[in-house]
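Student: I would like a close look at one part of this model, the loop that carries the unusual backbone angles, and then an account of how the rest of the chain is arranged around it. Please take it slowly and keep each statement tied to what can be read from the coordinates.

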Amino acid sequence: METIKIECESCDGTGIYKGMCEKDGSAVVCIKCQGTGMIEFNYTPFTERKLRTDVKRVYSNTMTYVISDEDFTTKEGVTIHMSQFGASYEDWLNGKKPIPIKELVCPYYWSDQEFKWKLCNDLLGGCYYNCPHYADKDACWFQFEQNEKKKELKKVQEYKRKYAKKEP
Ligand SMILES: [Zn+2]
């Protein structure tokens with residue numbers, strides 16, 4: 001643990017505080033820094049990513065469900081095959097992107113509404129699980145993946161273009 005001196009955020013480093021009660025030319029001594037304007041900040045410098053021994057799989061989001069790395073059944077009686085989603089801890093450490101938990105939610109909800117295609121219009125502002133296509137969300141995930149591939153390809157092309165410009 002190391003310590004550095006940082007500016008007190010409450011008083012902007014002035015050591016005095018002026019709010020609603022301190023009228024005209026008055027101010028009070030800042031209680032956060034006791035008037036010094038400075039806070040001692042304790043921190044641990046980063047050296048390398050540490051490992052955990054209690055984790056087997058990594059997911060990118062729980063979507064507010066309680067998750068496990070083992071298969072489980074939802075309140076609605078649907079079995080979620082968790083071992084097929086996410087990424088093994090080892091793969092994730094090596095840079096693999098976790099696979100979305102496709103049995104749990106649709107891509108519209110997963111992507112925080114960033115992904116949308118024609119079938120999503122049938123949602124009409126309703127909740128994603130009320131979507132008439134929710135039971136067939138595999139088709140939506142397929143579309144999502146096609147989109148991701150396109151985005152990836154575009155990134156590669158942009159990179160190539162950028163790189164080509166720098167050539168003499
Ligand atoms: Zn202060």
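**The loop and its setting**

Tutor: T64 lies in the loop between β5 and β6, and this is a predicted model, so that what follows describes computed coordinates. The phi angle of T64 is positive, about 65 degrees, although the residue is not a glycine. M63 is found in that loop as well, between β5 (57–58) and β6 (72–73), and its phi, near 55 degrees, is likewise a positive value in a residue other than glycine. Most residues other than glycine have a negative phi, which is the reason for pausing over such angles at all. As for the surroundings, T64 counts as exposed because it has 8 C-beta neighbours inside 10 Å, and the cut-off for that class is 12 or fewer. M63, with 14 other C-beta atoms within 10 Å, is therefore partly exposed.

The strands that bound this loop mark the two ends of the confidence range: in the protein chain, confidence is lowest in β6, at a mean of 87, and highest in β5, at 98. For the protein chain as a whole the mean pLDDT is 91, and 98% of the residues reach 70 or more.

On the β5 side of the loop, V58 has its place in the strand. V58 counts as partly exposed because it has 18 C-beta neighbours inside 10 Å, whereas a buried residue needs 20 or more. Leaving aside neighbours within four places in sequence, V58 is in contact with G86, A87, Y89, W92 and P98. The C-alpha atoms of V58 and E90 are separated by 9.1 Å, with their positions 32 residues apart along the chain.

To place the loop in the wider chain, consider the domain assignment, which gives domain 1 (2–43), domain 2 (51–104) and domain 3 (105–168). The centres of domain 1 and domain 2, taken over C-alpha atoms, are separated by 45 Å. The protein chain has three helices and eight strands, and read along the sequence they follow the pattern β-β-β-β-β-β-β-β-α-α-α.

Turning to the N-terminal strands, strand β1 (residues 2–7) and β4 pair in the antiparallel sense over six bridges. Within this pairing E2 stands opposite Y43 in β4, and K5 stands opposite E40 in β4. Strand β1 lies largely in the open, because the number buried among its six residues is zero. The same reasoning applies to strand β4 (residues 38–43), where the number buried of six residues is also zero, so this strand too lies largely in the open.

A contrasting picture comes from the largest nonpolar core, which has ten residues in all: I101, L104, V105, C106, Y108, Y109, W110, C131, C140 and F144. Helices α2 (107–110) and α3 (137–166) each supply at least two residues of this core, and the largest share, three residues, comes from α2. In soluble globular proteins, nonpolar side chains tend to be buried together. C106, one of the core residues, touches Y128, C131, Y134, K137 and C140, not counting residues up to four places away in sequence.

Helix α3 also holds K155, which is exposed because it has 10 other C-beta atoms within 10 Å. K155 and K97 are 58 residues apart in sequence and 16 Å apart in space, C-alpha to C-alpha.

The overall dimensions complete the account. The radius of gyration of the protein chain is 25 Å, while a compact globule of 168 residues would have one near 15 Å. Along its principal axes the C-alpha trace spans about 65 × 55 × 40 Å. Buried residues make up 11% of the 168 residues in the protein chain. Among the contacts with a separation of 6 or more, 44% are between residues 24 or more positions apart.

Note on methods. Residues are numbered from 1 along each chain as its sequence is written. This is a predicted model: local features need pLDDT of at least 70, side-chain atom pairs count only at pLDDT 80 or more; totals for chains, interfaces and linings use all residues. Domain bounds come from an automatic or database domain assignment. A nonpolar core is a set of buried Ala, Val, Leu, Ile, Met, Phe, Trp, Tyr and Cys residues joined through C-beta atoms within 7 Å. Helices (H or I, at least four residues) and strands (E, at least two) are DSSP runs, numbered from the N terminus. Two residues are in contact if their C-beta atoms, placed from the backbone, lie within 7 Å. The radius of gyration is taken over C-alpha atoms; the globule rule is 2.2 Å times the number of residues to the power 0.38. Two strands pair if DSSP finds at least two bridges between them. pLDDT is the predictor's confidence in each residue, from 0 to 100.
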